[in-house]
Amino acid sequence: MAAAALTLLFLVFYPLFWLFYGSFAYGEGSFPRALLTEFWQLPGLSRALLNTLDLLLGAVPLAFLLALPLVFIVTRTDTPLKWLIEIAAILPFITPPLIGSVGWALLAAPRTGLINVLGRELGARGPLLNIYSMSGLIFVMALYVSPYVYLTVQAVMQRMDASLEEASLISGASVAKTIRNVVLPLSLPAILSAGILVVTRILEEFAIPGVLGAPSGIYTITTYIYYQAISYVPPRYEVAALLASLLMGTTAILLVLQSHILGGGRIFTTVSGKGHAPRILRLGRWRYLTLAYALIYIGATVALPYMVLFYAAFVSQWGAPPVPSNFTLANFVSTFDPTLSARSGLVNSLILAVSGATMATLLTLIISYMITSGTSWWRSGLDFVSAIPLAMPGPVIAVAMLWAYQGEPFALYGTLWILLVAYVTHYLPYGVRTITSSFRQISADFARAAAVCGAGRAAGFRDILFPLVQPGVLAGWMLMFISMIRELSSSIFLFVPGTETTAVTMLEMWQEARFSGVAVLSLTLITISVLVVILVRALAGAVHLSGPR
Amino acid sequence: MPSVRVDGLRKRFGEVVAVDDISIEFRDGEMTSVLGPSGCGKTTTLNLIAGFIDPDRGSIHFGERLIADPARGIVPSNKRDIGMVFQSYALWPHLRVADNVGYGLKMRKVPRFERAAAVRRALQRVRLEDCAERFPHELSGGQQQRVALARAIAYAPQILLFDEPLSNLDAKLREEMRIEIKEIHREIGITSVYVTHDQAEAMSLSDRIVVMGEGRILQVGSPRELYEEPADVRVARFLGRTNLFEACLVGKDAALARVRVEGLDAPLPCRAPADVTQGTCGSLSVRPEAVLVRPAGGAEPGLRGRVCAAIYLGSVWQLYVALDGGKTIEVQQTAQRVWSLGDAVSVAFDPQRCFFIARPQQPRSLS
């Protein structure tokens with residue numbers, strides 16, 4: 001137990017120390033002055049920060065604009081096929097942003113994008129859409145963060161006691177006034193918190209600006225750190241450290257803000273689980289309009305990108321008409337050619353995801369047990385420390401790792417180990433969240449009853465607590481596996497030739513315009529994730545049979 | 001069977017002193033209830049005996065064996081050889097009934113065959129031998145409660161602890177279980193500590209009752225002693241109903257004492273504790289059934305009053321009588337005549353069932 005706690009402290013604080021050390025190393029001793037003068041003069045930096053701001057200003061409102069109607073449709077209307085909409089609305093959530101942006105690039109790249117190819121054939125002179133632009137970036141980003149808005153706000157709307165609204169209507173308020181005076185204030189904490197979540201997501205996103213922005217020189221803070229600091233020759237590690245610290249500080253502030261908004265249980269006290277279901281609006285003929293909206297959303301986020309990925313993976317030649325004779329498995333064979341990095345990349349990703357998820361699960365299992373059963377001061381301490389990586393997006397973790405594990409005594413750079421350590425550190429909070437909530441659902445009396453029966457700490461854990469948290473542990477493992485197998489935002493900083501991961505190979509192939517290979521790898525990743533989900537479900541089902549809760 | 005001895009036990013949670021220097025012996029083979037309103041420290045006391053929390057000061061002995069003393073060491077729960085029935089039952093949901101009941105035996109490394117026999121015996125005792133292969137969630141609340149009891153007695157522990165075990169059951173089931181627990185305790189005779197806030201439960205189940213209030217022990221005694229000779233007004237109020245009068249002791253002889261009650265001319269005869277001396281002030285406790293009410297105008301002496309509420313309860317009348325002095329008292333009368341609102345009455349107290357409670361001079365320590 002003490003070993004687990006020490007491991008946690010080391011994993012979090014050692015790289016953090018180096019990150020701050022690296023930040024102060026900037027300007028070789030003339031730290032504060034150099035920061036104020038030279039640093040901001042770095043070519044392209046202010047442009048990249050402005051781009052990031054533009055992206056936020058565009059994508060955050062657009063994400064709300066896309067998601068809120070969907071929330072309304074699902075919770076308050078009689079639109080047909082609602083079950084389908086509900087499932088489809090969270091699909092982009094499951095799709096890695098790398099795959100989504102690749103899908104959209106295949107659709108709307110100015111020359112080769114299928115939409116533009118089709119447009120040319122129909123007689124359009126210029127490209128119809130250009131995804132390699134700020135508006136393209138904003139559009140794809142908004143599509144992929146909108147599920148966060150949807151999920152957060154939908155949960156509140158679903159639980160909102162309809163009698164609160166009815167009370168307002170009965171008191172004589174109009175529908176508009178009821179929305180303004182009752183519905184909005186009640187859902188405001190959820191909306192604000194969703195907004196903050198979306199901002200942090202956009203700030204830390206690497207794949208979308210990497211795929212869509214970087215080719216045309218549009219850098220955001222994360223891609224700037226990569227292209228202009230780390231893979232700059234010679235690498236500017238101090239610049240990377242400073243920018244990573246800046247990103248981390250911003251994320252930390254946002255997260256603290258969010259927990260304040262959600263804190264005090266306001267959201268849960270005003271919106272009780274009791275009461276009756278909200279009224280369903282009968283839309284009449286208009287319900288086909290709402291259905292159409294939902295279908296367009298699903299098309300843009302899921303259907304179109306996936307269709308083009310299937311097409312790209314199986315078609316013999318890019319641009320050929322989608323008829324059976326043009327489909328082949330040759331792309332799979334050539335992509336997984338033993339001499340190419342895609343094959344070893346997939347093996348690396350599998351090794352990393354299986355061992356990383358397993359190690360992180362074991363570590364978080366012990367940490368979660370300590371958080372939920374230890375004495376109070378060390379309980380809250382561990383809880384806090386294990387949440388710190390939440391404020392460290394992938395690029396921040398990676399830059400910290402580069403500082404911490406490049407030299408002695410822990411020279412891990414150049415091996416798979418550094419990726420493993422980065423993954424475990426990055427996804428620790430996910431595991432801790434999932435598993436502590438499993439522990440918290442278990443009444444303390446269960447452990448006490450075991451102790452009274454004569455079971456020591458170890459026996460009680462083995463016989464009673466572990467079987468009860470097992471479903472949560474499996475879910476945590478699954479969550480971490482799926483996150484790790486698709487990991488890009490820190491891997492891209494940490495790989496060397498030979499330790500590529502699948503996502504890294506995809507980005508490399510993308511830059512070499514090997515679209516079919518990227519599509520093949522995308523489908524492979526999705527298939528593996530789905531298989532793992534099915535496998536874990538089956539396992540959890542077996543657990544349930546042997547002991548229903 | 002060992003007794004459970006608690007000496008000078010104290011436990012604080014932050015600013016709150018949950019258990020404040022209590023000393024008591026739970027005698028061997030007896031069922032002792034710890035009774036009190038919520039927040040009186042009874043559950044903390046039980047948790048200290050079970051070992052879920054450690055005392056700040058004081059000691060716990062099971063027989064001659066030291067169990068807990070911050071200065072000399074603490075035996076963990078799993079080494080105390082206790083059985084416990086929880087308010088939440090705490091049946092492990094992933095284990096079958098037989099495995100729940102057999103867990104304590106498994107921990108004691110009892111061979112499989114003997115274990116199965118012991119599990120069967122325990123389940124027979126609670127009349128659930130047919131449910132051995134079921135999961136807890138397949139049982140009713142009452143059945144779950146009985147499994148919890150079977151689990152606690154299956155390995156024949158030295159001490160049995162009950163934490164409000166019946167509070168989640170409905171009234172009828174509660175009464176049945178009360179009888180069943182009493183029956184089982186008579187058969188196996190384990191030293192038992194039973195925590196409850198239900199005075200009827202405490203009185204019907206236990207050989208002795210410990211009444212607690214604000215972290216201290218207010219009184220220890222048999223149900224009858226506590227009801228008839230409460231040592232503290234809180235005990236009198238908590239066990240049954242009573243009418244309390246401010247009173248001072250003015251005379252005493254072998255059989256009865258006399259107290260002067262404010263607002264009344266003549267002293268009232270009553271019983272009083274042996275150690276109370278003349279001049280002591282405190283309260284006179286008059287149980288509702290110790291009051292005799294007659295229509296006014298009779299020859300017998302009595303206090304005058306008027307019926308201000310009359311509730312017919314079948315076997316008895318519950319009357320509220322406003323005395324001429326201004327005080328309203330509660331009265332219970334067997335239902336031989338009809339009472340109605342406003343009736344002028346004459347009230348007399350049965351001296352044998354009136355008890356004088358001295359006001360405590362300083363925090364008393366009882367053992």
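In the predicted model, M31(B) stands opposite S192(B), a residue of strand β9(B). This contact belongs to the pairing of β3(B) with strand β9 (residues 191-196) of chain B, in which the two strands run parallel and are joined by five bridges. Strand β3(B) also pairs with β10(B), again in the parallel sense, over four bridges. Within this second pairing, S33(B) is placed opposite I209(B) of β10(B).

Strand β3 of chain B, which spans residues 31-35, is mostly covered, with five of its five residues buried. The side chains divide between two directions: M31(B), S33(B) and L35(B) point one way from the strand, whereas T32(B) and V34(B) point the other way. Residues of both groups are buried.

A second mostly covered strand of chain B is β4 (residues 57-62), where five of the six residues are buried. Strand β4(B) is joined by five bridges to strand β1 (residues 4-13) of chain B, and the two run antiparallel. In this pairing, V4(B) stands opposite F62(B). Strand β4(B) also pairs with strand β5 (residues 65-69) of chain B, in the antiparallel sense and over three bridges. Here F62(B) faces R65(B) in β5(B). The residue F62(B) therefore stands opposite V4(B) and opposite R65(B). Strands β4(B) and β5(B) form a hairpin in which two residues lie between them. G63(B), located in the turn of this hairpin, has a positive phi of about 60°.Positive phi values also occur in chain B outside glycine. Most residues other than glycine have a negative phi. A90(B), which is not a glycine, has a positive phi of about 55°. A90(B) is found in the loop between β7 (82-85) and α2 (97-107) of chain B. With a relative accessibility of 2%, A90(B) counts as buried. E214(B) is another residue other than glycine with a positive phi, here near 50°. The loop between β10 (208-213) and β11 (216-221) of chain B holds E214(B). In contrast to the buried A90(B), E214(B) is exposed, its relative accessible area being 62%.

At the level of domains, the assignment for chain B gives domain 1 (4-228) and domain 2 (241-358). The C-alpha centres of these two domains of chain B lie 40 Å apart.

Aromatic contacts were examined over all chains, and the structure holds 30 aromatic pairs. One of them is formed by Y14(A) and F410(A): the ring centres are 5.3 Å apart and the planes stand at 80°, so the pair is edge-to-face. This pair links distant parts of chain A, 396 residues apart. Y14(A) belongs to helix α1 (residues 2-24), while F410(A) is in the loop between α19 (394-404) and α20 (416-441). The two partners differ in their accessibility class: Y14(A) is buried, with a relative accessible area of 16%, whereas F410(A) is partly exposed, at 32%.

Y226(A) and F493(A) likewise pair edge-to-face, because their ring centres are 5.3 Å apart and their planes lie at 75°. Y226(A) is in helix α12 (residues 221-230) of chain A and F493(A) in helix α23 (residues 491-494) of chain A, so this pair ties together parts that are 267 residues apart in sequence. Both Y226(A) and F493(A) are buried. These two residues are also members of one aromatic cluster, which includes F206(A), Y219(A) and Y227(A) as well.

On the surface of chain A, a nonpolar patch of about 790 Å² is made by L81(A), W83(A), L84(A), I87(A), L91(A), F93(A), I94(A), L151(A) and L295(A). The elements of chain A that give two or more residues to this patch are α4 (82-89) and α5 (91-94). L81(A), one of the patch residues, lies in the loop between α3 (45-76) and α4 of chain A. L81(A) is partly exposed, with a relative accessible area of 40%.

Conventions: Residues numbered from 1 in each chain as written. Chains lettered and ligands numbered in written order. Predicted model: local features only at pLDDT ≥ 70, side-chain atom pairs only at ≥ 80, totals over all residues. Heavy atoms only, no water. Patch = residues over 30% accessible without salt bridge, like charges linked within 9 Å, V, L, I, M, F, W, Y side chains within 5 Å. Areas by Shrake-Rupley, 256 points an atom, 1.4 Å probe, with all protein chains shown as cover. Salt bridge = Lys/Arg side-chain N within 4 Å of Asp/Glu carboxyl O. Buried < 20%, exposed > 50% of the residue type's maximum accessible area, 1.4 Å probe, protein only. Pairing = 2+ DSSP bridges. Domains from an automatic or database assignment. Phe/Tyr/Trp six-rings, centres within 6.5 Å; stacked < 30°, edge-to-face > 60°.
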